[in-house]
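Biologist: Could you walk me through this one? I'd like to start with the charged side chains and then move on to the core and the surface.

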Amino acid sequence: IKLVYQGVGMMEIRSFTKPKFRGKSYNKMLRILMVILLALLICEKYGIRDIYSQAINPISAYVLMNNFKVIYNITGLRCGKRYFNNNKLETRELVEKLYKKSDTVHIFVKLSKYNIKRAIELLNIMLSDGIDAIKC
């Protein structure tokens with residue numbers, strides 16, 4: 001896990017999941033915690049307004065796009081199409097289309113009140129004993 005300050009109000013998250021840890025929701029937990037931690041700890045001090053993820057792994061793109069209000073594109077520019085849809089099938093289909101065009105999807109998550117609240121909700125779900133709980 002690596003956080004890189006990109007200046008102009010943006011923090012980039014870089015991560016790699018080793019094969020033996022895949023399928024345990026660690027990727028999702030990491031992104032949820034980054035939204036919460038950046039909002040609580042450093043967003044005001046450093047003026048961080050966005051989290052940027054250069055999603056090489058389609059799962060990373062899917063997790064962010066299906067759970068938060070995001071802006072995405074395949075060019076890497078800080079603008080693009082807005083996306084907000086919690087329909088898993090529709091999000092999965094969109095992610096598949098994007099990865100047919102490019103091997104990387106660029107995603108920007110604004111540290112908005114909505115996204116922070118959503119991250120806290122998702123964290124509570126992942127820490128429960130339910131089907132969406134993190135797997136240790």
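Biologist: Which residue forms a salt bridge with Glu-12?

Modeller: Keep in mind that this is a predicted model. A salt bridge needs a side-chain nitrogen of Lys or Arg within 4 Å of a carboxyl oxygen of Asp or Glu. For Glu-12 the closest N and O atoms are 3.2 Å apart, and the partner is Arg-14.

Biologist: Is Glu-12 buried or exposed?

Modeller: The cut-off for buried is under 20% relative accessible area. Glu-12 has just 5%, so Glu-12 is buried.

Biologist: And what is the relative accessible area of its partner, Arg-14?

Modeller: Partly exposed means between 20% and 50%. Arg-14 falls in that class, with a value of 37%.

Biologist: How many residues apart in sequence are the parts tied together by Lys-110 and Asp-50?

Modeller: The side chains of these two meet in a salt bridge, 3.2 Å from N to O. Lys-110 sits in strand 6 and Asp-50 in strand 3, so the pair links parts of the chain whose separation in sequence is 60 residues.

Biologist: Which of the two classes fits Asp-50, buried or partly exposed?

Modeller: Lys-110 is partly exposed, at 43% relative accessibility. Asp-50 has a relative accessible area of 7%, and under 20% means buried. That makes Asp-50 buried.

Biologist: What separates Glu-121 and Arg-118 along helix 4?

Modeller: These two form a salt bridge, with the closest N and O atoms 3.6 Å apart. They are three residues apart in helix 4, so what lies between them is about one helical turn.

Biologist: Let's go inside. Which helix gives the most to the largest nonpolar core?

Modeller: That core has 32 residues, and Met-65, Phe-68 and Ile-107 touch the most other members. Several elements supply at least two residues each, including strand 2, helix 2 and helix 4. With seven residues, the top contributor is helix 1.

Biologist: Now the surface. About what area does the nonpolar patch with Leu-41 have?

Modeller: Leu-41 lies in helix 1, and at 60% relative accessibility Leu-41 counts as exposed. Leu-33, Leu-37 and Leu-40 join Leu-41 in making the patch, which covers about 380 Å².

Biologist: Last one: which helix gives the most to the positive patch?

Modeller: The patch is formed by Lys-81, Lys-97, Lys-100 and Lys-101. Lys-97 counts as exposed, because its relative accessibility is 57%. Three residues of the patch come from the top contributor, helix 3.

Definitions and conventions:
Residues numbered from 1 in each chain as written. Predicted model: local features only at pLDDT ≥ 70, side-chain atom pairs only at ≥ 80, totals over all residues. Heavy atoms only, no water. Patch = residues over 30% accessible without salt bridge, like charges linked within 9 Å, V, L, I, M, F, W, Y side chains within 5 Å. Areas by Shrake-Rupley, 256 points an atom, 1.4 Å probe, with all protein chains shown as cover. Lys, Arg positive; Asp, Glu negative; His and termini not counted. Charge placed at Lys NZ, Arg CZ, Asp CG, Glu CD. Helix = DSSP H or I, 4+ residues; strand = E, 2+ residues; numbered from the N terminus. Buried < 20%, exposed > 50% of the residue type's maximum accessible area, 1.4 Å probe, protein only. Core = buried A, V, L, I, M, F, W, Y, C linked by side-chain atoms within 4.5 Å.
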